[in-house]
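Q: Please take a close look at one sheet and what surrounds it. Keep it plain for a newcomer.

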Amino acid sequence: MSEATPVSESTEPMFPMARQCPFAPPREVTLVQADRVVPRVPIWNGVRPWLFTRFDDVRMVLSDPRFSADKSRPGYPLSSAAAAAEAVVPPTLLVMDNPDHDRYRRLVLSEFTVKRSESLRPVVREIVGRSIDELLAGPRPGDLVAAVALPIAMSMVCELLGVPFADRDLFRTRTNTANSMRVTTEEAAAARQELHDYLVELVRRRERDPGDDFISRMAVRHVRSGAMSHDVLGGMALLLLTAGHDTTANMIALGVLALLRHPGQLARLRDSDDPRVAAQVAEEMLRYLTIVQRGIRRIAVEDVRVGGRLVRAGEGVIAAINVANRDPERFGAGDELDTTRHARAHLAFGYGPHQCLGQALARVELQEAYAGIARRIPGLRLAVAEDELRFKSDMAVYGVHELPVDW
Amino acid sequence: MKVTLVRDRCVGAGQCVLSSPEVFDQDEDDGVAYLLCEEPLPGNEDSVHEAVDLCPAQAILVAADGNGAS
């Protein structure tokens, strides 16, 4: 898979195109939406999926059962060579279609309800406070990514799953490999296998000697009863681990940078103790930043018409959630960051049966992180010129590599 | 307004609970949404419409008084 078929005799730009502005999707994709067209776009491996950008079309693609999330299907518009490994090691909810998807998802739903996630808010607040303490006690300038964003996201996922925080370097490095755009399928599969083996072993330990955590509860409830195999629960934990920390960490750091660029909106958050303000900020950041920057991919298993366009069985599609989240028909002036708007219809968590399982907890983390940072560090400022920042343009999940700040 | 929730479709995203906590909750044991109130007060109707729109699984149906579920 490392030797991709070159897209020959074509001057068409490959999807995803480069961004012209760090806070906006590539102009070529925005124009697709403005022109109300649905082009086929070449991607890295020579496949030419349809590109859907309008809010309504994207919701249909992501919720219609005639589109499959099974990455092992021939012609699937994989976002990278590494993504092919997701179909096999181990197959998680992300690549399952119904009825399997809903059957397994249902077994773990009770762990991710709104109330359950709300009940973790004091834990999140404590972790946020501790991370900020460490930043403030450390050298100046400090890196908000390494000192605050990653520790918050990583601590929460460890806390939730019951995996030792001491093993975070293993999770971090293997997740980076599994999500990389530069590795082969085999390298990504090896990283995933290593994580999976680790987690399956942890499942076996918790099954014998349960604690108060996700893996223990699921092992006692579903593995002992036979509803889930060790492999499936290990895969579930792997999904939560890899999907749960990188996204949240990138949203925290990039969101803080967006707030620093909009001092009035930062001040509004800082000066309010109304939890609804922090909630609005988090929703608008999810909409405006939409860090899943390569779109959500699917493949049609039957002919299906979307927004007047006939997609044939076997053809791939890309649902460009980052552009759909700025659709003026749904959000008005979508290119503007406006933390007073009601943004909850955004598709940053996806849509349809696969919509983010951990979204309620992600919301609590983002609300607590943005509010905590704004209020605890009133003099927060960027310690380098903006054009010195390194953005994650070539990664599955967008963000900044470092965010040097002073206060 | 009459609200119907199709439990078999629910994927536990919790959007309805965020939109309209007076009308929807999630079962502590299985995480699936359920109705606190099938005929919400007029003051809650907007939030129920939002829940219908945001539900990723189209599991919520509403009918105006006197009509069948749409």
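A: Here is a look at the open sheet of chain A, element by element.

This is a predicted model, where local features need pLDDT of at least 70, side-chain atom pairs count only at pLDDT 80 or more, and totals for chains, interfaces and linings use all residues. Residues are numbered from 1 along each chain as its sequence is written, chains are lettered from A and ligands numbered from 1 in the order in which they are written, and side-chain values use heavy atoms, with hydrogens and water left out.

The open sheet of chain A has 4 strands, in the order E1-E7-E4-E2. Its pairing is mixed. Strands (E, at least two residues) and helices (H or I, at least four) are DSSP runs, numbered from the N terminus. Two strands pair if DSSP finds at least two bridges between them.

Look at the edges next. Strand E1 (50-52) and strand E2 (67-68) of chain A stand there, each with a single partner strand, so one side of each has no neighbour in the sheet. E2(A) pairs with strand E4 (residues 296-300) of chain A. That pairing is antiparallel and spans 2 bridges. Within it, Ser68(A) stands opposite Ile299(A) of E4(A).

A helix covers part of this picture: helix H2 (residues 55-63) of chain A packs on the sheet. H2(A) touches E1, E2, E4 and strand E7 (316-319) of chain A. Contact means heavy atoms within 4.5 Å. The direction of H2(A) makes about 125° with that of E7(A). Axes are lines fitted to C-alpha atoms, for helices over the stretch in contact, and angles run from 0 to 180 degrees between N-to-C directions.
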